[in-house]
Amino acid sequence: MLSRMINLLPAHPATRALVFSTLAGSTSRGLFITISVIFFTRSVGLSAGQVGLGLTIAAVVGLLAGVPAGHLADRVGPRRVMVAFGLARAALMLGYLAVQGFTGFVLVAAGVQLLEAGFGAANGALIAGSIPAEDRVRTRAMLRAVTNVGWGVGALFAGVALKYDTRPAYVAVLVLCAGLATLASSLVLRVPKVAPQARRASGPALIVLRDRPYLALAALNGVLCIHYGMLNVAVPLWVVERTDAPTWVVAMLGLLNATVVVLFQIRASRGTATAEGAAVAQRTSGLLLLGACLLYSLAAGQTAWVATVALVAAALVHVLGELRQAAGSWGISFDLAPDHAQGQYQGMYGTGFALAGVVAPALLATVVVGWGWPGWLLFGLVFAASGAAVPATVRWARRTRTQVAAPEPALA
């Protein structure tokens, strides 16, 4: 399946390297995510609360890295930044093996998250600089499908370590994670070099911070991205605490989501290469997510099989909304970013996604699981309203593009 997906892309020099780099990196991440909590609690000796707090602190620190790292990618070249940050992250992952307490754990986790955010911002700039504009969204769709394959492979192999449940097994997995992350960074060197942007003679360095319509679009996308927490946090808690559906349904819904993303993300990205087409996709996504929320809420108070059917139907509508939200986010982020500042713009857009990941777990657990169907309805309406606001905000952004055009470069 992977080779078939690769052949779907135009034969640009960058695509195959990006695909295999993404596969190695996402496999590393799938391995780490699957074992991390158990490793930190059983082998390191941290409490579940300490692990959760530490990862939250690390995620907040990561929010600070996207725009500056993206700006650095613009100035010195995205490939150089991506490789440097990726190799540093791989090395720092081995620092988890030396962690003996909460403080050390937070320091290593924050460092890894900081480098990961910078890596992602540079990745967006590298795609923008090495892939023709008409193929960027399709490329991102391909990479997202490959990412889901890597997560699945990583989770599968992590199961071996979980079966043995010993420190040597976890150490082996962490070393493998670092090795795969190193491979992912090294493969980036096969992407053609993107020339750095010249230093500008005047004006602010971080122009994205003054681009109000783009900031608004990043915020709207961040609101829509809360839906990722639905599948990872709200739905499992909802199934266990509020429905009579069997608990194994949670795993089935996750598998269903990953499979649909792998098979249909590229197709779902059609028509989203321009910001206007992407805005329509995000508006559609908001409506689909509203429908998914309503279907999830219907699972409460039903018999086991009726609840299961409702949950499966909700998950299908949910993943359709996810496909369109993701495709729309790429089209907007690339099309409305000036070529001379793609790094900092990709970093800012990614910050909205990262912020959603920080606030979603606690917010969804409190509102959805705590309130029941009114909580689902509230989030559904928020998704629909956010998606509906995107087209008008894109029109606003389009009218202001001349204000973010490249200034004159500094004289030598």
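# Exercises on a predicted helical model

Phe 157 is exposed, with a relative accessible area of 51%. This value, like every other one below, is computed from a predicted model.

**Exercise 1.** Find the helix in which Phe 157 lies, and state which residues make a nonpolar surface patch with Phe 157.

*Solution.* Begin with the position along the sequence: Phe 157 lies in helix H7, which covers residues 136-164. Next, consider its accessibility: because a residue counts as exposed when its relative accessible area is over 50%, the 51% of Phe 157 places this residue in the exposed class. Finally, look for its partners in the patch: Val 153 and Leu 156 join Phe 157 in making a nonpolar surface patch of about 300 Å².

**Exercise 2.** Is Thr 27 buried or exposed, and which residues does Thr 27 touch when those up to four places away in sequence are not counted?

*Solution.* The first step is to locate Thr 27, which lies in helix H2, spanning residues 13-44. Since buried means under 20% relative accessible area, Thr 27, at 11%, counts as buried. When residues up to four places away in sequence are left out, Thr 27 touches Gly 150, Val 153, Gly 154 and Leu 180. One of these contacts, Val 153, is also a member of the patch from Exercise 1.

**Exercise 3.** Describe where Gly 118 is placed and what surrounds Gly 118.

*Solution.* Gly 118 belongs to helix H6, and at 0% relative accessibility this glycine counts as buried. Leaving out residues up to four places away in sequence, the contacts of Gly 118 are Ala 65, Ala 69 and Phe 85. A further step is to compare sequence with space: Gly 118 and Met 82 are 36 residues apart along the chain, while their C-alpha atoms are separated by 7.5 Å.

**Exercise 4.** How many salt bridges are counted, and which parts of the structure does the pair of Arg 89 and Glu 116 tie together?

*Solution.* The count comes to five salt bridges. In one of them, Arg 89 pairs with Glu 116, and their closest N and O atoms are 3.8 Å apart. Because Arg 89 lies in helix H5 (residues 78-93) and Glu 116 in helix H6 (residues 102-130), the pair ties together parts that are 27 residues apart in sequence. Both Arg 89 and Glu 116 are buried, and together with Arg 29 they are linked in a network of salt bridges.

**Exercise 5.** Which salt bridges does Arg 398 form with Glu 276 and Asp 335, and which helices hold these residues?

*Solution.* Take Glu 276 as the starting partner: its salt bridge with Arg 398 has its closest N and O atoms 2.9 Å apart. Arg 398 lies in helix H15 (residues 373-399) and Glu 276 in helix H12 (residues 275-298), so this pair ties together parts that are 122 residues apart in sequence. Then turn to Asp 335, whose side chain meets that of Arg 398 in a salt bridge of 2.6 Å, N to O. As Asp 335 lies in helix H13, this pair ties together parts that are 63 residues apart in sequence. The last step is accessibility: Arg 398 is partly exposed at 33%, Glu 276 is partly exposed at 37%, and Asp 335 is partly exposed at 28%.

**Exercise 6.** At what angle do helices H11 and H13 pack, and how far apart are their axes?

*Solution.* Two packed helices are described by the angle between their axes and the distance between those axes. For H11 (residues 248-268) and H13 (residues 304-335), the angle is about 35° and the axes are 9 Å apart. The crossing of H11 and H13 is right-handed. Among the residues that meet there are Leu 253, Leu 256 and Phe 264 in H11, and Leu 311, Ala 315 and Trp 330 in H13.

Terms used
Residues numbered from 1 in each chain as written. Predicted model: local features only at pLDDT ≥ 70, side-chain atom pairs only at ≥ 80, totals over all residues. Heavy atoms only, no water. Patch = residues over 30% accessible without salt bridge, like charges linked within 9 Å, V, L, I, M, F, W, Y side chains within 5 Å. Areas by Shrake-Rupley, 256 points an atom, 1.4 Å probe, with all protein chains shown as cover. Salt bridge = Lys/Arg side-chain N within 4 Å of Asp/Glu carboxyl O. Helix = DSSP H or I, 4+ residues; strand = E, 2+ residues; numbered from the N terminus. Buried < 20%, exposed > 50% of the residue type's maximum accessible area, 1.4 Å probe, protein only. Axes fitted to C-alpha atoms, helices over the stretch in contact; angles between N-to-C directions. Left-handed = near helix turned anticlockwise from the far one by under 90°. Contact = heavy atoms within 4.5 Å.
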